[in-house]
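Student: I would like to go through this model slowly, one question at a time, and see how each answer is reached.

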Amino acid sequence: MENYSKARTEEQPPVCPFPSLPIDTPEVRVKDGSKIRNLLRYALSRMEANPRAAEDDRRPPTEEGGVAEERRQEARGRPLCRHIIFTATGKGASKAITCAEIVKRRVKGLHQVTKLLYSTVVEVWEPLEPAAGLDSLTVSRNLPAIWILLSREPLDCSQPGYQAPGRYDTLWAQSANREEGGGFTGQRPGHKRKKGGGGGGGGRGRGPGRQTGRSREATKGQS
């Protein structure tokens, strides 16, 4: 590919796997360079009556002047949504999962459905020297894509990827019990690890061949 240069890149995102949702359902598209704070600010403004993530009331106006304040007032006047979608491709998938988990902790009782799909990226490469007789190349790549649906209304629990509300509370409680009982470290409950190197031979204790200062002086006097 040293004789080619990338001309353009076209991404063909997959079709939304949740076709039965209302038209006004917000869809948050997460990218690798997106800031989680900004994503949560928008998502919680559509799901919470009094969003706290951004703390907009305590912050002074930004460089945009009154534009930020108008957006905050507009978000407050919107009706709360029953559903919200987080979608991402490639490296942005981890941020989409993080945003969904934070929203679930802030807004209680949300049902979740996760879908894994593929997004097609088409790259067109043009030759550096058209007179060399080289043809343009078209390269297609498949990137993993994730779609996370959070809903206040109950969803079909039989479909793959469904997660009932409150599942993370049980998971974290089990993890805490394991840590307290020494399940991860292999120790017995209530057993404390000794500080230092223990009683092994690698320490600097007094061995049978090691003499103190007084015994050395006595040895010198006898000699």
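Student: At what angle do helix 1 and helix 3 pack?
Tutor: This is a predicted model, in which local features need pLDDT of at least 70, side-chain atom pairs count only at pLDDT 80 or more, and totals for chains, interfaces and linings use all residues. Residues are numbered from 1 along each chain as its sequence is written, and side-chain values use heavy atoms, leaving out hydrogens and water. Helices are DSSP runs of H or I with at least four residues, numbered from the N terminus. Helix 1 covers residues 36–47 and helix 3 residues 93–106, their axes lie 10 Å apart, and the packing angle is about 45°.

Student: Which word describes how helix 1 and helix 3 lie to each other?
Tutor: Angles under 35 degrees count as roughly parallel, over 145 as roughly antiparallel, and 65 to 115 as roughly perpendicular, with the rest oblique. The angle here is about 45°. Helix 1 and helix 3 are therefore oblique.

Student: Which residues of helix 3 make the contact with helix 1?
Tutor: Contact means heavy atoms within 4.5 Å. Helix 1 contributes I36, L39, L40, A43 and L44, while the residues from helix 3 are K95, T98, C99, I102, V103 and R106.

Terms used: Axes are lines fitted to C-alpha atoms, for helices over the stretch in contact, and angles run from 0 to 180 degrees between N-to-C directions. Helices (H or I, at least four residues) and strands (E, at least two) are DSSP runs, numbered from the N terminus.
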